[in-house]
Amino acid sequence: MNAQDFILQKKSEFSLKEEQNDSFSKSPLFKKWVQEGKIHEMENCLPKDFALALFEAHKQRIPAQIIDLFEKGKLAIGEINDELPNARYYKLGEHNYAVTINTGLIKFIYRVIRAYSTRFNSDESKISFEETCQKIADIFWWFGMSKGKAFGPAYPITEDQIIMASRFATEAEFFFLAHELGHVFNDMFKKSEVQDEDNENHEYIEEFAADRFALLTCLGLLSGGKPVEDLRHDIAYASCELALLIFDGLEQLGFETEKTHPPTEQRITVLREWLKDSCPSEEVYQNIIQLADANTEVYNNINAYPYIPLRSVSLQIGLKNRVI
Ligand SMILES: [Zn+2]
């Protein structure tokens, strides 16, 4: 089946997204919000197909082979209005693929990251570290109890934090898209840079390879040597980890995912080791992971709230050599 037709068919299995509020999206206030990066705040004004918009917005970072496949119509990308927080890829035939991201994933990522963002510029923060952790726990708890309704408890947040939240959320959403594109890329070229030396994690080889592709894409390292404008490596990297932490929380709440992924601790540990390999010095690496470390600290304190069954993530350095 033609990739575009496949996406249209998938979209038709769910109700269409509500039409954008046209008059608002043409207003000066809306334009100002887009410029300021606060677009996630207005759910109904997000692009009609957010997955496609992410692809277009981050084309600079996506390898030429994937862009080429897309332009030839052999790869189609689309947002599906399904509340289940998931993203996946489909192999439709020889060199013919589709990648979908569900609306539920886009909404949930923003919901969680917006609460995380109350820790940015924490001197100006209007809520404490414990309150941030509790708000995130509430969001996960509500999502689990309501079987997939993103709920946003009210809490004070500064304008700067909202801008950071939108930026982080877009990067984390891009990590999910890039992970699925990684499956496409690795299938196309039948190459996995990750070698199966040791067996026990054989089932995870493809997942690690897709994570590696996603990491390098997010960091702008697969763009063919062209520098990527406005790319902050610490934000891009911390967002990759945030995406995995959010995914981990969803799995623990019992949301089914398309297939088994490696444990989050392993995925993040290996991500960090790849990041380290890509950094010119230890100092650069340490600077990049500071933001990610702050996020892990928040995540590991969510389990202080007994009504939410999330366990903490402990990173084990030196895992790469044992795992893959
Ligand atoms: Zn995967």
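This presentation describes the fold of one chain, from its overall make-up to its sheet, its core and a few single residues.

Good morning. The model is a predicted one, in which local features need pLDDT of at least 70 and side-chain atom pairs count only at pLDDT 80 or more, while totals for chains, interfaces and linings use all residues. Residues are numbered from 1 along each chain as its sequence is written.

I begin with the chain as a whole. It contains 13 helices and 3 strands; these are DSSP runs, with helices (H or I) of at least four residues and strands (E) of at least two, numbered from the N terminus. Of its 324 residues, 40% count as buried. A residue is buried if 20 or more other C-beta atoms lie within 10 Å of its own, exposed if 12 or fewer, and partly exposed in between, with C-beta atoms placed from the backbone. Among contacts with a separation of 6 or more, 71% are made by residues 24 or more positions apart. Here, a contact requires that the C-beta atoms of two residues, placed from the backbone, lie within 7 Å.

I turn now to the sheet. The 3 strands form an open sheet in the order S1-S3-S2, with mixed pairing. S1 and S2 stand at the edges and have a single partner strand each, so one side of each lacks a neighbour in the sheet. From one strand to the next, the twist averages 20°. For such angles, axes are lines fitted to C-alpha atoms, for helices over the stretch in contact, and the angles run from 0 to 180 degrees between N-to-C directions.

How do the strands pair? In general, strands of a sheet pair through backbone hydrogen bonds, either parallel or antiparallel. In this model, S1 and S3 run parallel and are joined by 6 bridges, whereas S2 (residues 87-93) and S3 (residues 96-102) pair in the antiparallel sense over 6 bridges. Two strands are taken to pair if DSSP finds at least two bridges between them. Ile 101 of S3 shows both pairings: Glu 79 stands opposite it, and so does Ala 87. Elsewhere in S3, Val 99 is the bridge partner of Tyr 89, and Ala 98 is that of Tyr 90.

Is the edge strand S1 buried or exposed? In S1 (residues 75-80), 6 of the 6 residues are buried. Side chains in a regular strand alternate between the two faces of the sheet. In S1, Leu 75, Ile 77 and Glu 79 point one way, while Ala 76, Gly 78 and Ile 80 point the other. S3 is largely enclosed by the rest of the structure, because 6 of its 7 residues are buried. Two helices lie across S1, S2 and S3: helix H1 (residues 3-12), which runs at about 10° to S1, and helix H6 (residues 103-116), which runs at about 45° to S3.

The turn of the hairpin deserves a word. S2 and S3 form this hairpin with 2 residues between them. His 95, in the loop between the two strands, has a phi near 50°, a positive value in a residue other than glycine. His 95 is partly exposed, with 13 other C-beta atoms within 10 Å.

Next comes the core. Which residues touch the most other members of the largest nonpolar core? They are Ile 109, Ile 113 and Leu 177, out of 81 residues. Helix H8 (residues 159-189) gives the most to this core, with 14 residues. A nonpolar core is a set of buried Ala, Val, Leu, Ile, Met, Phe, Trp, Tyr and Cys residues joined through C-beta atoms within 7 Å. Leaving aside neighbours within four places in sequence, Ile 113 is in contact with Ala 165, Phe 168, Ala 169, Ala 172 and Leu 242.

A helix pair follows. The axes of helix H7 (residues 129-145) and helix H12 (residues 282-302) come within 9 Å and cross at roughly 65°. In this contact, Thr 132, Cys 133, Ile 136 and Ala 137 of H7 meet Val 298, Asn 301 and Ile 302 of H12.

I close with Pro 262, in the loop between helix H10 (233-252) and helix H11 (264-278). Pro 262 is partly exposed, with 19 other C-beta atoms within 10 Å. Its C-alpha atom is separated by 9.1 Å from that of Ile 205, 57 residues apart along the chain.
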